[in-house]
Amino acid sequence: MSFSPDTHSERRIEPHITVEQLKGKLELITGIPAANQAITLLVSESDPRVIAELTDDSKMLGYYGLADWQILKILCLLINNAIKWVVSQKKKEHQRRRDLLEHEYSSRSRCEVESTEPGLSKRGTVRFVGPTKFSKGVWVGVEYDEPLGKNEGSVQGERYFTCRPNYGVFVKPEKIKVGNFPVEDLEMELEDEEM
């Protein structure tokens, strides 16, 4: 008996044919090209323990000890390899983006964080760039120049950087601009307003 997610059929298989010949027959049933097949021999439909992997195309099936009511599981290597390649590429791209962010938002860079309040400028210094335990993705930890933050560099008991209470915040990279943002002289502004 052989099965795949799309095909399930009962067949009598002669033990004197080779794995290569079996793959040729299975190609007609499953549609998986012989060169892309990975065949595993299982105990039975109700017992999916692996007895053997039919990896040597030149061996006869009798070599693997085929018995009545055993199962042949056929997988398409091309699909599995394609999936592995896509996952690998996504991991590489994620690492590349992370490396670029870490370079762009290097620690101690001056920055300005996007604010929803008109006229409010939230300036500070980048103190952390990377993944966190509190949420997926890359986050930028900022120490504000003023107490406009939500923490002191830690979230949910995990410390990422250190600053004074209410001076720290974590933002997504798209909410931040890195550049020449000098510390605003708040005392000077207050004096100007008092004149």
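# A first look at this chain

Counting its secondary structure, this chain has 3 helices and 12 strands. Keep in mind that what you are looking at is a predicted model. Of the 195 residues in the chain, 36% are buried. Two separate nonpolar cores stand out, the largest with 14 residues and a second with 11. Here's a tour, topic by topic.

**The chain as a whole**

- Take the contacts in the chain with a separation of 6 or more: 52% of them are between residues 24 or more positions apart.
- The accessible surface is about 13,000 Å², and carbon and sulfur atoms account for 52% of that surface.

**The two cores**

- In the largest nonpolar core, the residues with the most contacts inside it are Leu22, Ile39, Leu54, Leu61, Tyr64, Leu72 and Ile74.
- Helix α1 (19–30) and strands β3 (37–42) and β5 (71–76) are the elements that each give two or more residues to this core.
- The second core is separate from that one, and its 11 residues include Cys111, Val113, Tyr144 and Val171.

**Threonine 18, just ahead of a helix**

- Threonine 18 is in the loop between β2 (8–9) and α1.
- Is threonine 18 buried or exposed? It counts as buried because its relative accessibility is 17%, and the cut-off for buried is under 20%.
- Leaving aside residues up to four places away in sequence, threonine 18 touches Asp57, Ser58, Lys59, Met60 and Leu61.
- Two of those names turn up elsewhere in this briefing: Leu61 is listed in the largest core, and lysine 59 takes part in a salt bridge.

**Strand β8, covered on both sides**

- Strand β8 covers residues 138–144, and 7 of its 7 residues are buried, so the rest of the structure largely encloses it.
- One side of β8 carries Val138, Val140, Val142 and Tyr144, while the other carries Trp139, Gly141 and Glu143; all of these are buried.
- Tyr144, from the first of those two sides, is also one of the residues in the second core.

**The neighbours of β8**

- Strand β7 (residues 122–131) runs antiparallel to β8, and 7 bridges join the two.
- Which residue of β8 is the bridge partner of phenylalanine 128? That partner is glycine 141.
- β7 and β8 form a hairpin with 6 residues between the strands, and there glycine 137 takes a positive phi near 90 degrees.
- β8 also runs antiparallel to β11, with 4 bridges joining them.
- Opposite glutamate 143 stands glycine 168 in β11.
- Val171, another residue of the second core, lies within the range of β11 (168–171).

**Salt bridges**

- Side chains of opposite charge can pair when their charged atoms come close.
- How many salt bridges does the structure hold? The count is 9, and three of them are picked out below.
- Aspartate 47 and arginine 49 are joined through their side chains, at 2.6 Å from N to O. Arginine 49 is exposed, with a relative accessibility of 54%.
- Aspartate 56 and lysine 59 make another salt bridge, at 3.6 Å from N to O. Aspartate 56 is partly exposed at 27% relative accessibility, and lysine 59 is partly exposed at 27% too.
- Glutamate 158 and lysine 133 form a salt bridge at 3.5 Å, N to O. This pair links distant parts of the chain, with glutamate 158 in strand β10 and lysine 133 in the loop between β7 and β8, 25 residues apart.
- In that last pair, glutamate 158 is partly exposed at 29% relative accessibility, whereas lysine 133 is exposed at 67%.

**Two loop residues with positive phi**

- Glutamine 156 is not a glycine, yet its phi is positive, near 50 degrees. You'll find glutamine 156 in the loop between β9 (154–155) and β10 (158–159).
- Glutamine 156 counts as exposed because its relative accessible area is 70%, and the cut-off for exposed is over 50%.
- Asparagine 166 also isn't a glycine, and its phi is positive at about 70 degrees. Look for asparagine 166 in the loop between β10 and β11.
- With a relative accessible area of 41%, asparagine 166 is partly exposed.

Key
Residues are numbered from 1 along each chain as its sequence is written. This is a predicted model: local features need pLDDT of at least 70, side-chain atom pairs count only at pLDDT 80 or more; totals for chains, interfaces and linings use all residues. Side-chain values use heavy atoms; hydrogens and water are left out. A nonpolar core is a set of buried Ala, Val, Leu, Ile, Met, Phe, Trp, Tyr and Cys residues joined through side-chain atoms within 4.5 Å. Buried means under 20% relative accessible area, exposed over 50%, partly exposed in between (1.4 Å probe, protein chains only). Contact means heavy atoms within 4.5 Å. Accessible areas come from the Shrake-Rupley method with a 1.4 Å probe; for residues, only the protein chains shown count as cover. Two strands pair if DSSP finds at least two bridges between them. A salt bridge is a side-chain nitrogen of Lys or Arg within 4 Å of a carboxyl oxygen of Asp or Glu.
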